[in-house]
Structure formats: C-alpha cells, structure tokens
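Colleague: I would like a close look at a single part of this predicted model. Please start from one residue and work outwards to its surroundings.

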Amino acid sequence: MLDPKLLIEPAEQELAAAFHAVAPRVDAALAAGDDTGLLRALTPLRQPVDRFFDEVMVMVDEPDLCANRLALLGQLRALMNRIADISLLAAG
C-alpha cells in the first residue's frame with residue numbers, strides 16, 4: 001500500500017501526483033470506449049515516469065522506502081495493464 005508520507009524524492013512525488021491526476025481520466029476514457037481520449041489521458045505520465053527512473057533508486061536498503069516505491073510502480077503497472085498487457089511488448 002502506497003504511503004504518501006514516504007514519497008521523499010521530488011521525482012517520486014511528481015509521479016504519484018501525475019498518476020492520481022491521470023487515473024480518473026483513464027477510467028472515463030475506458031468507460032466511454034474513447035481510444036483517442038485514453039492516449040491523451042496517458043500522455044502526462046511520460047515525463048514523470050522518465051524522471052522517476054532517471055532520478056530515483058527503487059531498490060534502496062530502507063525496506064519501507066523500497067516497498068513504497070514498488071507500490072507506486074505497482075499502481076502504475078495496474079493502470080497500464082487495464083489498457084494493454086505491457087509484458088507482451090517484450091515478447092517476440
């Protein structure tokens with residue numbers, strides 16, 4: 001479970017905020033069957049995701065901090081998997 005108090009790096013705070021802003025728009029686009037709207041809803045995640053992976057070490061020695069960062073990524077993965085199984089992109 002994500003604990004907002006453990007989001008200490010600016011890049012992880014930005015990603016969490018972007019996720020929470022985007023998730024309702026993704027839900028609405030999915031419910032409406034609006035593929036174009038869905039892609040537009042996801043667009044704001046690109047920069048925060050890139051920044052997160054450039055600036056944040058996920059697998060740190062502090063167990064609570066590591067678990068929280070993995071929870072954030074888990075939320076992002078769950079959102080993306082509602083749209084498509086992204087694990088299939090690496091296959092082939």
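Modeller: Start with Asp 27, which sits in helix α1. Asp 27 is partly exposed: its relative accessible area is 34%, and the buried class ends at 20%. From Asp 27 to Ala 41 there are 14 residues in sequence and 9.4 Å in space, C-alpha to C-alpha. Asp 27 is also among the α1 residues that meet α4.

Now the setting. The protein has four helices and zero strands. Its pattern along the sequence is α-α-α-α. The C-alpha trace spans about 40 × 35 × 25 Å along its principal axes. Of the 92 residues, 34% count as buried. Take the contacts with a separation of 6 or more: 64% of them join residues 24 or more positions apart.

Next, the helix that holds Asp 27, taken partner by partner.

First, α4. Helix α1 covers residues 10-32 and helix α4 covers residues 63-83. They pack at an angle of about 20 degrees, with axes 11 Å apart. Angles under 35 degrees count as roughly parallel, so α1 and α4 are roughly parallel to each other. The crossing of α1 past α4 is left-handed. On the α1 side, the contact takes in Glu 12, Leu 15, Ala 16, Phe 19, His 20, Val 22, Ala 23, Val 26, Asp 27 and Leu 30. Facing them in α4 are Arg 69, Leu 72, Gln 75, Leu 76, Leu 79, Arg 82 and Ile 83. By class, this contact of α1 with α4 holds 11 nonpolar, two polar and four charged residues.

Then α2. The axes of α1 and α2 come within 8 Å and cross at roughly 170 degrees. Angles over 145 degrees count as roughly antiparallel, so α1 and α2 are roughly antiparallel to each other. Here Val 22, Arg 25, Val 26, Ala 29 and Leu 30 of α1 meet Gly 37, Leu 38, Ala 41 and Leu 42 of α2. The contact of α1 with α2 has seven nonpolar residues, one polar and one charged. Ala 41, the residue paired with Asp 27 in the distance above, is part of this contact.

Last, α3. Helices α1 and α3 pack at an angle of about 155 degrees, and their axes are 8 Å apart. They are therefore roughly antiparallel to each other. Again α1 makes a left-handed crossing, this time past α3. From α1 come Pro 10, Ala 11, Glu 12, Glu 14, Leu 15 and Ala 18. From α3 come Gln 47, Pro 48, Val 49, Arg 51, Phe 52 and Glu 55. Seven of the residues in the contact of α1 with α3 are nonpolar, one is polar and four are charged.

That leaves the core. The largest nonpolar core has 24 residues. Within it, Val 26, Leu 45, Phe 52, Leu 72 and Leu 79 touch the most other members. Each of α1, α2, α3 and α4 supplies at least two residues of this core. Helix α1 gives the most, with nine residues. Val 26 appears in the α1 contacts with α4 and with α2. Phe 52 belongs to the α3 side of its contact with α1. Leu 45 touches Leu 15, Ala 18, Phe 19, Val 22, Leu 76, Leu 79 and Met 80, leaving aside residues up to four places away in sequence.

Note on methods:
Residues numbered from 1 in each chain as written. Predicted model: local features only at pLDDT ≥ 70, side-chain atom pairs only at ≥ 80, totals over all residues. Heavy atoms only, no water. Axes fitted to C-alpha atoms, helices over the stretch in contact; angles between N-to-C directions. Parallel < 35°, antiparallel > 145°, perpendicular 65-115°, else oblique. Left-handed = near helix turned anticlockwise from the far one by under 90°. Contact = heavy atoms within 4.5 Å. Nonpolar A, V, L, I, M, F, W, Y, C, P; charged D, E, K, R; others polar. Core = buried A, V, L, I, M, F, W, Y, C linked by side-chain atoms within 4.5 Å. Buried < 20%, exposed > 50% of the residue type's maximum accessible area, 1.4 Å probe, protein only.
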